[in-house]
2 protein chains.
Amino acid sequence: MALAIAERFRLLAEPTRLRLLDLLADGERSVGSLAGDLGCSQANVSKHLALLAEAGLVGRRRDGLHTYYCVADPAVFALCGQVCETLRRHADARAAALRES
Amino acid sequence: MALAIAERFRLLAEPTRLRLLDLLADGERSVGSLAGDLGCSQANVSKHLALLAEAGLVGRRRDGLHTYYCVADPAVFALCGQVCETLRRHADARAAALRES
DNA sequence: AGAGTATGTAACTCAGTAGCTATATAGTTG
DNA sequence: CAACTATATAGCTACTGAGTTACATACTCT
């Protein structure tokens with residue numbers, strides 16, 4: 001149980017993959033286009049997308065020379081949002097503690 | 001942004017830490033007791049707890065020889081629950097797809 | 001103080017993986 | 001078919017981190 005959950009967290013524990021998901025939030029994109037925006041190699045992006053696709057987080061669609069990827073399960077954004085909120089809450093609490101001391 | 005979120009995910013991307021949090025769900029526990037239940041070394045558990053504490057996910061309380069740890073932010077369980085639900089949903093979808101083919 | 005116990009830390013090994021380059025594969029266009 | 005383009009994959013390097021052992025630290029009890 002913990003193993004499966006940890007594996008899913010590990011998939012998301014990578015800034016490049018999170019940025020990929022964020023770029024895909026607006027709609028499907030080709031590999032090259034994503035690599036350009038991220039400023040990293042096409043090979044690297046392709047590998048990350050393969051991992052995300054295998055986990056079912058993104059879907060792929062081939063069209064001629066291009067492969068277009070899209071977010072398959074928007075629940076991942078809710079997850080990130082929840083983490084983000086928690087981080088903000090912790091930061092606020094720490095700031096308040098500092099003000100008191 | 002993506003970096004901070006990824007870092008939090010990475011903290012949770014470890015079965016041992018997830019099992020620790022699960023054990024702490026019922027209430028505070030000492031390091032040795034947790035190590036016993038997990039079946040791994042005290043040093044290892046101590047290190048994991050230190051990481052969780054630094055991130056503000058668990059709290060510590062010293063009492064004589066023992067250090068008792070507890071969950072500081074129950075939001076982490078909601079997060080795990082959400083992941084769990086997503087995994088189940090994906091598994092169901094895959095099973096349905098297999099049945100159709 | 002000295003023995004004993006619980007926890008924390010240092011140093012090390014080993015496995016996993018992000019990133020790269022180079023190459024293979026697949027599709028398009030002349 | 002040949003040249004070109006987009007994507008995937010293989011092989012490699014470098015780094016991170018989980019786990020271990022050994023030791024340090026802190027506390028209790030006699």
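This report describes the contact between two protein chains, the surfaces they present to two DNA strands, and selected elements of each chain. The model is predicted.

**The contact between chains A and B**

Chain A and chain B each contribute 26 residues to their contact. On the side of chain B that touches chain A, the elements giving two or more residues are α1 (2-12), α2 (15-24) and α5 (75-100) of chain B. By class, this side of chain B holds 16 nonpolar, four polar and six charged residues.

The two chains are related by a rotation of 180 degrees with 0.0 Å of shift along its axis, and this operation superposes chain B on chain A with an RMSD of 0.0 Å. Such a relation is that of a two-fold axis. The same surface serves both copies, since 100% of the contact residues of chain B recur in chain A.

**The surfaces near the DNA strands**

Around DNA strand D there are 22 residues, and those that come nearest are Ser30(A), Gly32(A), Ala43(A), Ser41(B) and Ala43(B). Two or more residues of this surface are given by each of α3 (31-38), α4 (42-54) and β3 (66-71) of chain A, and by α4 (42-54) of chain B. The largest share, six residues, comes from α4(A).

Around DNA strand C there are 21 residues, of which Ser41(A), Ala43(A), Ser30(B), Gly32(B) and Ala43(B) come nearest. Here the elements that give two or more residues are α4 of chain A and, from chain B, α3 (31-38), α4 and β3 (66-71). The element that gives the most to the surface near DNA strand C is α4(B), with six residues.

The classes of the residues on the two surfaces are set out below.

| Surface | Nonpolar | Polar | Charged |
|---|---|---|---|
| Near DNA strand D | eight residues | ten residues | four residues |
| Near DNA strand C | eight residues | ten residues | three residues |

**Helix α5 of chain A**

Helix α5 of chain A, residues 75-100, comprises 26 residues. From its first C-alpha to its last, α5(A) reaches 38 Å, close to the 38 Å expected at 1.5 Å a residue. Its buried residues are Val76(A), Leu79(A), Cys80(A), Val83(A) and Thr86(A). The cover over these buried residues draws on both chains: it includes α2 (15-24) of chain A together with α1 and α5 of chain B. In chain B, α1 and α5 are also among the elements that give two or more residues to the side touching chain A.

**The sheet of chain A**

Chain A contains an open sheet of three strands in the order β1-β3-β2, with antiparallel pairing. The strands β1 (29-30) and β2 (58-63) of chain A stand at the edges; each has a single partner strand, so one side of each is left without a neighbour in the sheet.

Two bridges join β1(A) to β3(A), and these strands run antiparallel. In this pairing, Arg29(A) has Tyr69(A) of β3(A) as its bridge partner. The pairing of β2(A) with β3(A) is likewise antiparallel and extends over six bridges. On β3(A), Cys70(A) is the bridge partner of Gly59(A), while Tyr68(A) is the bridge partner of Arg61(A).

A hairpin is formed by β2(A) and β3(A), with two residues between them. In the turn, Gly64(A) has a positive phi of about 65 degrees. In addition to its place in the sheet, β3 of chain A gives two or more residues to the surface near DNA strand D.

**Leu49 of chain B**

Leu49(B) is found in helix α4 of chain B, the element that gives the most to the surface near DNA strand C. Is Leu49(B) buried or exposed? With 22 C-beta neighbours inside 10 Å, Leu49(B) counts as buried, because the cut-off for a buried residue is 20 or more. Apart from neighbours within four places in sequence, Leu49(B) is in contact with Leu20(B), Val31(B), Val58(B) and Tyr69(B). Arg99(B) lies 50 residues from Leu49(B) along the chain, and the C-alpha atoms of the two are separated by 44 Å.

Key: Residues numbered from 1 in each chain as written. Chains lettered and ligands numbered in written order. Predicted model: local features only at pLDDT ≥ 70, side-chain atom pairs only at ≥ 80, totals over all residues. Contact = placed C-beta atoms within 7 Å. Helix = DSSP H or I, 4+ residues; strand = E, 2+ residues; numbered from the N terminus. Nonpolar A, V, L, I, M, F, W, Y, C, P; charged D, E, K, R; others polar. Least-squares fit on C-alpha atoms with pLDDT ≥ 70 in both. Near = placed C-beta within 6 Å. Expected span 1.5 Å × (residues − 1). Buried ≥ 20, exposed ≤ 12 C-beta atoms within 10 Å, placed from the backbone. Pairing = 2+ DSSP bridges.
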